[in-house]
Amino acid sequence: MQDYTNLTNVQKDVLREIGNIGAGNAATSMAKLLNKKIDMQVPSVKVVSFDEVMELIGGPDKLIATVFFRIQGEAPGTVYFILSIEEAEFLVNEIVPGNKVSLFGDSTNEFAISALQEAGNILTGSYLSALSDFTNINMQPSVPYLSIDMAGAILTVGLLELSQVSDYALIIDTKINEQEEQKGVRGNFLLIPDPASLTKLFQALGITDYD
Amino acid sequence: MTDVKTIVKVGIADLNIVRAPGIIRTSGLGSCVGVVIYDEGKRIAGLSHILLPESSLAKQAEINVFKYADTAIPVLVNKLIDDGARKYALKAKLAGGAQMFHFTSNSDIMRIGPRNSEAVLAILQDMCIPVIASDIGGNVGRTIEFNPDTSKLKIKKASKEEQLI
């Protein structure tokens, strides 16, 4: 099984391409959903300790709104779509213009939660289907889970499976954001493959110089 | 005498100890369990951030002993005793062990919050360390902070509500 710490540059490039394909497709979905131009950044592939995973998102007690899927099938893993609370409220307002919504606190709005879950579902779903088409690997997503809570509490769920095998996680992080706007939606896609899935992904993409 | 307090931060699958007037904190506990073991008289406390219940789950050659309840708690207790805590005076407070999501798949790993709490309670009982207070379960994240001066554990949830146990 692959040791995370000695990935070759080619392998990292391949993983970056995976982030690219997934997020690119998700950005297109988002552009359609909001009828706006959406940019995406070059994905970054990182091998980080569990604490560093939380720091990537802003620290373990930062409140975030997340939609995530467990991926089952040949290459299991977890994929997260992460927004800050403000960004999530902004996104819901864009989709359902009109009332000011609140996702957190006393005035939490059921309707807003449901809209966010659906948006997350569409975006993350398109990320996953692109990935599945590209690699030709059968990926079965779970139902989408929505959570608004501390980053540490939410992200740990995606690390549990690999924490039995490793003290590091491999993360493919891609940011998408609205063009031209200061206050826009900026989302992060985090794909955390389970350790055993790396071999599968590399094989599927024809990386053979791989142990 | 300054009143700058040291705050010792404990990461995931990590542990540390602190003496008054310092305080010790760990952030973003979900299914993880934060175990505080302290000697009230000596005003010394240790905190362990436990990720998984048993080291037998490990599929690694070299395990990180701080990650598992059954290995981390004995290490924490020894560290406290080395630093002057008295074994018979040790008490515990815990928080965390939430079930963040209700998964439809019945994979065992997904019930990890309750399993973590159960494992911690069993080990503390084995070691004859009484659990004075706890706030475990539910489906929320918690940030906890222990002050060995007062032996109080402050628990902060995402909803901003705070409680002292």
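# Close-up views of chains A and B

Chain A has six helices and eight strands. It belongs to a predicted model, and the legends below walk through both chains, one view at a time.

**View 1. Chain A as a whole, from the first helix to the last.** Following the sequence, you will meet the elements of chain A in the order α-β-β-α-β-β-α-α-β-β-α-β-β-α. Of the 211 residues in this chain, 57% count as buried. Contacts that reach far along the sequence are plentiful here: among the contacts of chain A with a separation of 6 or more, 73% are between residues 24 or more positions apart. The accessible surface of chain A is about 8700 Å², and carbon and sulfur atoms account for 47% of that area.

**View 2. Helix H1 of chain A, with A:Leu33 in focus.** Helix H1 covers residues 9–34 of chain A, and A:Leu33 is part of it. Is A:Leu33 buried or partly exposed? Its relative accessible area is 30%, so A:Leu33 is partly exposed. To get a feel for distance, look from A:Leu33 to A:Lys12: the two are 21 residues apart in sequence, and their C-alpha atoms are 31 Å apart in space. Setting aside neighbours within four places in sequence, the contacts of A:Leu33 are A:Ile95, A:Ala119 and A:Ile122.

**View 3. The largest nonpolar core, and the surroundings of A:Tyr80.** This core has 98 residues, and A:Leu15, A:Tyr80 and A:Leu155 are the ones with the most contacts inside it. Which residues does A:Tyr80 touch, once those up to four places away in sequence are left out? One group is A:Thr66, A:Val67 and A:Phe68; another is A:Ile154, A:Leu155, A:Val157 and A:Gly158; and the list is completed by A:Asn188, A:Phe189, A:Leu190 and A:Ile192. A:Leu155 is thus worth finding twice in this view, as a residue with many contacts in the core and as a partner of A:Tyr80.

**View 4. A second core, seen through four of its residues.** Separate from the largest core is a second one of 23 residues. Among its members are B:Leu15, B:Ile37, B:Leu76 and B:Ala85.

**View 5. Chain B as a whole.** How many helices and strands does chain B have? There are two helices and ten strands, and from the N terminus they run β-β-β-β-β-α-β-α-β-β-β-β. The radius of gyration of chain B is 15 Å, close to the 15 Å that the globule rule gives for 165 residues, so this chain is as compact as a globular protein of that length. Along the principal axes, the C-alpha atoms of chain B fill a box of roughly 55 × 35 × 25 Å. Of its 165 residues, 56% count as buried. In chain B, residues 24 or more positions apart make up 62% of the contacts with a separation of 6 or more.

**View 6. The surface and charges of chain B.** About 7300 Å² of chain B is exposed, with 49% of that supplied by carbon and sulfur atoms. The chain carries 21 positive and 17 negative side chains, and 4 Å separates the centres of the two sets.

**View 7. B:Ile17 in strand E2.** Strand E2 of chain B takes in residues 14–19, and B:Ile17 is found there. B:Ile17 counts as buried because its relative accessibility is 15%, where the cut-off is under 20%. B:Lys79 is 62 residues away along the chain, yet the C-alpha atoms of B:Ile17 and B:Lys79 are separated by 7.9 Å. Besides B:Lys79, B:Ile17 touches B:Val8, B:Ile24, B:Ala45, B:Gly46, B:Leu76, B:Leu80 and B:Asp83, not counting residues up to four places away in sequence. One of these partners, B:Leu76, is also included in the second core.

**View 8. Backbone details in three loops of chain B.** Start at B:Ala13, in the loop between strand E1 (7–9) and E2. This residue is not a glycine, but its phi is positive, about 55°; with 7% relative accessibility, B:Ala13 counts as buried. Next, visit the loop between E2 and strand E3 (23–29), which holds B:Pro21. A cis peptide bond, with omega about 10°, joins B:Ala20 to B:Pro21. Finish at B:Arg43, between strand E4 (33–39) and strand E5 (44–50). B:Arg43 is another non-glycine residue with a positive phi, about 50°, and at 38% relative accessibility B:Arg43 counts as partly exposed.

Notes
Residues numbered from 1 in each chain as written. Chains lettered and ligands numbered in written order. Predicted model: local features only at pLDDT ≥ 70, side-chain atom pairs only at ≥ 80, totals over all residues. Heavy atoms only, no water. Core = buried A, V, L, I, M, F, W, Y, C linked by side-chain atoms within 4.5 Å. Buried < 20%, exposed > 50% of the residue type's maximum accessible area, 1.4 Å probe, protein only. Contact = heavy atoms within 4.5 Å. Helix = DSSP H or I, 4+ residues; strand = E, 2+ residues; numbered from the N terminus. Rg over C-alpha atoms; globule rule 2.2 N^0.38 Å. Areas by Shrake-Rupley, 256 points an atom, 1.4 Å probe, with all protein chains shown as cover. Lys, Arg positive; Asp, Glu negative; His and termini not counted. Charge placed at Lys NZ, Arg CZ, Asp CG, Glu CD.
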